[in-house]
Amino acid sequence: MIDPIKLIIADDEELFRKGMAQLVSEHPQINVIGEAANGEILVKMLRAAEELPDIILLDLKMPEMDGVQATKIIKKEFPDIRIVVLTSHYTKIFIVNMVHIGASAFQRKDTSPAGIIDCIIEVHSKGYHFDHEIMKVLQKSFASGEAIRKTKFNDTPLSDREKEILRLICEQKKTSEIAEELFISTRTVDGHRNNLLLKTESKNVAGLVLYAIDKGIYLI
Amino acid sequence: MEIVLYSIGFSLFLAALLVVATIYSKNTIVKTELAKKQLEVDHQKELVEQLIEVQEEERSRIARELHDGVNAKLATVLLFAAQPSEKIDPTSISNSIKEAMAISRRISYDLLPPTLESFGLKGALFELFEEIEEKSDISIDIELDDQIDEIPSNKQLHIYRIVQESLQNTIKYAEATSIQLTAIYNNQLILIYQDNGKGMDFNTTAQLGLGLKNIAARSEMIPAIHEFNSAPGKGFQTKLTIEL
């Protein structure tokens, strides 16, 4: 029996929160452990929590403290929590900036419940989830350098093995699948992933994927 | 005795003259100051009128989009939902709702771009041009000093609107194939927007259009010095100089 994914939903619309909680709870692997009506409540909740969530489903537009501010604070104080952002603002600059402050995935509010569930499960097992639409946005050449430069990637060269692992991460492969494909242990894969995060100064796997797209290591 | 009396009289006369002259000149100063104030008041009034005119134009556009777009879609949903339950098609209902959401998203983006609010002017301007590059054949060259994100946020919004307004002018009238936007910082910030379109002749144009008036009004509020440079066939340039 795998541990269920612990989820918190943050949205100022109570009906949306309740509806979403009910829908995602129907999946056996997802356990909603809390709800918050704005960023301030969310941060207070985390600071007082005995049990931290694995993932937060976070709306951007909220009163008191919005999702952008909340993301910055949460990634600083609880770097292991992954954040799925609910937004409809799919522009390259915005996505890149959000990943830079620590977001792992993006979902439109009008996505189907099944889509949201898939996204939560993917983020839990692979560290990020970019759907086709987000990938298309990230592929755009416009202002590529400018958008990415904000994330201050540094230029430490990657080894061939690291590039290979990075490509497999971009193909949305799990650690176990990468290990199997390269005939190495999962611990070695984890080690490479940590090195990649350090070398590229990325906050999370989503940041690694942006790096790979920008440097042409991963071609969509 | 007489001489003394005369000189007293003369002194008094001089004093009186001095008083009269002082009052007169004070009056003149007051009058010129009044005239200056009046000019300022007139100018402020004109500025406010221009801003209100622009605002009203914007409001009627939003009203139209809300009514013809969002409301029309929701009315369709209502119609679908009123059908007998076995005839209700959830797909068409959710499609109409998605379309309504897309329109309201657009309206809210136009009112206040999320990137400007969360990540500052530089990102917001890039985003604005990202969209133009995508939806038109106009090529974009954009180079902005990081310093522009240090400008106070109310001023950032004015600058964003000025660039947006310049862009509207280019798209509506200029038939341009390229746009250049640069912001250089060196004690003061100089922002230059340049298109390569057909330009305009200030000699034959009786008065500035609403868009340019809006730019002028906003740059006074920053405050910034604005310049419009153009001639037939020479493109159009908006230049802002802002002391920081």
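**Exercise 1.** Is Glu64(A) buried, partly exposed or exposed, and why?

*Solution.* First, a word on the model: it is predicted, with local features needing pLDDT of at least 70, side-chain atom pairs counting only at pLDDT 80 or more, and totals for chains, interfaces and linings using all residues. Residues are numbered from 1 along each chain as its sequence is written, while chains are lettered from A and ligands numbered from 1 in the order in which they are written.

Next, recall the cut-offs: a residue is buried if 20 or more other C-beta atoms, placed from the backbone, lie within 10 Å of its own, exposed if 12 or fewer, and partly exposed in between. Glu64(A) is partly exposed because it has 13 C-beta neighbours inside 10 Å.

Then find its place: Glu64(A) sits in the loop between strand 3 (55-59) and helix 3 (67-77) of chain A. Helices (H or I, at least four residues) and strands (E, at least two) are DSSP runs, numbered from the N terminus. Finally, its phi is near 65°, a positive value in a residue other than glycine.

**Exercise 2.** Now describe Glu175(B) in the same steps.

*Solution.* Glu175(B) is exposed because 11 other C-beta atoms lie within 10 Å. Its loop runs between helix 5 (153-174) and strand 2 (178-186) of chain B. Its phi, near 50°, is a positive value in a residue other than glycine.

**Exercise 3.** Which peptide bond leads into Pro223(B), and is it cis or trans?

*Solution.* Start from Ile222(B): the bond from there to Pro223(B) is cis, with omega near -10°. Then place Pro223(B), which belongs to the loop between helix 6 (210-221) and strand 4 (225-230) of chain B.
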